[in-house]
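Okay, thanks for making time, everyone. I'll put the structure up and then walk through a few places in it.

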Amino acid sequence: MEEGNSIIYGLEHQTRALSPQYESDAIRFLIGTQSLKPQTNQVHVVELEEDTGALHTKVYKHDIGEIWHLRCSPHDAATLMTTHNSYDPENSQCSMGVSIYKLPTLDVIPRDIDELSAMQSQNAEDMELLTTINPEKPEEEIRCSEWHPTDTNCVSIVMDGSISVRDITTTQGYNITPEGRTRLKFTGGKWSPQAAHQFAVLQDTHVKCFDTRADCKPVWGIDNAHRQLARDLDFNPNRQFQLATAGDDAALNIWDYRNPKEPIFSRTDHSHWVWTVRYNTYHEQLLVTGSSDGRALLTAAASICDTDDDKKLSQVLEDGVLQSYEQHEDSVYCVEWSTAEPWTFASLSYDARLVLSRVPRHFKYKILL
């Protein structure tokens with residue numbers, strides 16, 4: 001992929017689920033489709049070949065239903081988890097669930113011409129279904145499901161009014177339901193990478209974090225993190241008490257949750273709802289966001305990342321938007337950094353378009369040199 005150029009991959013069906021593949025040396029992303037037609041949904045594995053800039057793909061069947069959320073396991077590159085919605089024609093009802101799958105192979109790039117021809121002639125392949133977890137109430141909506149950062153068999157499932165912590169080998173577990181009556185629904189959540197027993201959820205405009213070992217009272221919270229609905233959050237991978245949030249007020253906010261009265265960094269560079277935000281795993285001053293305005297924005301938050309070193313990041317990198325990526329024609333629902341290459345990220349829009357982009361070289365050198 002050349003400097004300043006993005007690579008576009010188009011799918012047949014609409015999409016809103018994206019995940020990087022962990023435990024891999026390849027620049028590889030997984031995409032889940034969202035088709036209403038039965039037996040047509042798929043998982044696409046997309047790999048970028050760095051030397052040539054070519055994209056290689058493999059397609060797998062996901063006949064159980066449309067994919068609303070997808071997460072690769074951080075413990076096993078071949079294992080993934082989908083949050084899906086299925087339609088039952090017998091009772092004319094939809095029901096959501098979470099399924100764990102195993103890919104038959106990790107190979108995406110063909111080794112020779114014969115293998116390339118064989119791969120191009122193949123239809124969508126089958127994945128091995130390991131288990132499916134259904135909510136206790138069939139009508140209950142599932143917002144997302146997340147792998148535990150250290151426990152290979154533990155996942156959390158965020159539903160409208162509770163968090164379900166499950167063991168995927170037995171599907172047994174327990175629910176965390178907030179105390180008191182509230183009509184404010186959960187809209188998403190994520191494990192803390194530093195305090196692995198803490199799980200933070202988005203609840204309307206607020207952020208609440210629960211200790212999954214204890215009772216149902218939040219251990220910390222950020223009230224009114226956004227003026228409108230909070231859509232996404234991501235923990236700083238390098239600083240224990242910091243996290244970023246995105247919301248319908250078009251804002252990207254960064255918080256130190258020990259002092260939750262106001263954000264330590266805030267930008268409103270998007271012109272519509274911000275659906276997603278991600279920290280760069282290696283360079284915490286770089287964040288990427290996706291919005292209903294059809295753009296992915298690369299933003300620098302260098303001023304809150306200064307250390308006691310002689311070279312301060314804020315002196316070489318100004319806060320604000322570094323680059324706007326405008327190759328999408330619909331809402332950008334997902335952005336994810338590559339786990340194998342720190343300067344590459346993917347953005348996914350509802351019009352079935354995946355765009356692979358890179359941090360501009362001059363910003364990269366400002367950070368490294």
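**Starting from a lysine**

Let me begin with Lys-208. At 18% relative accessibility, that residue counts as buried, because the cut-off is under 20%. Bear in mind that what you're looking at is a predicted model.

So where does Lys-208 sit? It's in strand β16, which covers residues 206-211. And what does its side chain make a polar contact with? The partner is the side chain of Asp-223, at 2.7 Å. If we skip the neighbours within four places in sequence, Lys-208 is also in contact with a set of residues including Phe-199, Val-201, Pro-218 and Trp-220. Asp-223 shows up in that contact list too.

Asp-223 brings me to an annotation. UniProt, in an unreviewed entry, lists residues 223-259 as "repeat: WD". Over that stretch the model has 46% strand and 0% helix. The C-alpha atoms at the two ends of the stretch are 11 Å apart.

Staying with those residue numbers, have a look at Asp-249. Is it buried or exposed? With a relative accessibility of 8%, Asp-249 counts as buried, because anything under 20% does. This one is in a loop, the one between β19 (242-247) and β20 (252-256). The Asp-249 side chain reaches the backbone nitrogen of Ala-251, at 3.2 Å. Leaving out residues up to four places away in sequence, Asp-249 touches His-226, Arg-227, Gln-228 and Thr-268. If you like C-alpha distances, try Asp-249 to Trp-273: they are 24 residues apart in sequence, and 6.2 Å apart in space.

Now a leucine. Leu-322 is in strand β25, residues 320-325. Its relative accessibility is 14%, so Leu-322 counts as buried as well. Once you drop residues up to four places away in sequence, Leu-322 touches Leu-286, Leu-298, Thr-299, Ala-300, Leu-317 and Phe-363. There's a C-alpha pair here too: Leu-322 and Val-359 are 37 residues apart along the chain and separated by 8.7 Å.

Okay, from single residues to a sheet. What order do the strands take in the open sheet of four? The order is β10-β11-β12-β13, and the pairing is antiparallel. At the edges you have β10 (142-147) and β13 (173-176), each pairing on one side only. On average, neighbouring strands in this sheet are turned by 20° against each other, if you ignore direction. In general, the strands of a sheet pair through backbone hydrogen bonds, and that can be parallel or antiparallel.

Let's zoom in on one pair from that sheet. Strand β11 (residues 154-159) and strand β12 (residues 163-167) run antiparallel, and five bridges join them. If you want to find the register on screen, look for Val-155, which stands opposite Arg-166 in β12.

Last bit, the whole chain. How many helices and strands does the protein have? It comes to three helices and 28 strands. The C-alpha trace spans about 55 × 55 × 35 Å along its principal axes. For 369 residues, a compact globule would have a radius of gyration near 21 Å, and this protein has 20 Å, so the two agree. Buried residues make up 54% of the 369. And for contacts with a separation of 6 or more, 51% are between residues 24 or more positions apart.

That's my tour. Happy to go back to any of these views.

Technical notes: Residues are numbered from 1 along each chain as its sequence is written. This is a predicted model: local features need pLDDT of at least 70, side-chain atom pairs count only at pLDDT 80 or more; totals for chains, interfaces and linings use all residues. Side-chain values use heavy atoms; hydrogens and water are left out. Two strands pair if DSSP finds at least two bridges between them. Axes are lines fitted to C-alpha atoms, for helices over the stretch in contact, and angles run from 0 to 180 degrees between N-to-C directions. UniProt positions are given in the numbering used here, feature names are shortened, and annotations may be inferred rather than shown by experiment. Buried means under 20% relative accessible area, exposed over 50%, partly exposed in between (1.4 Å probe, protein chains only). A polar contact is a pair of N or O atoms within 3.5 Å; within protein, one must be able to donate a hydrogen and the other to accept it, and residues adjacent in sequence count only if both atoms are side-chain atoms. Contact means heavy atoms within 4.5 Å. The radius of gyration is taken over C-alpha atoms; the globule rule is 2.2 Å times the number of residues to the power 0.38.
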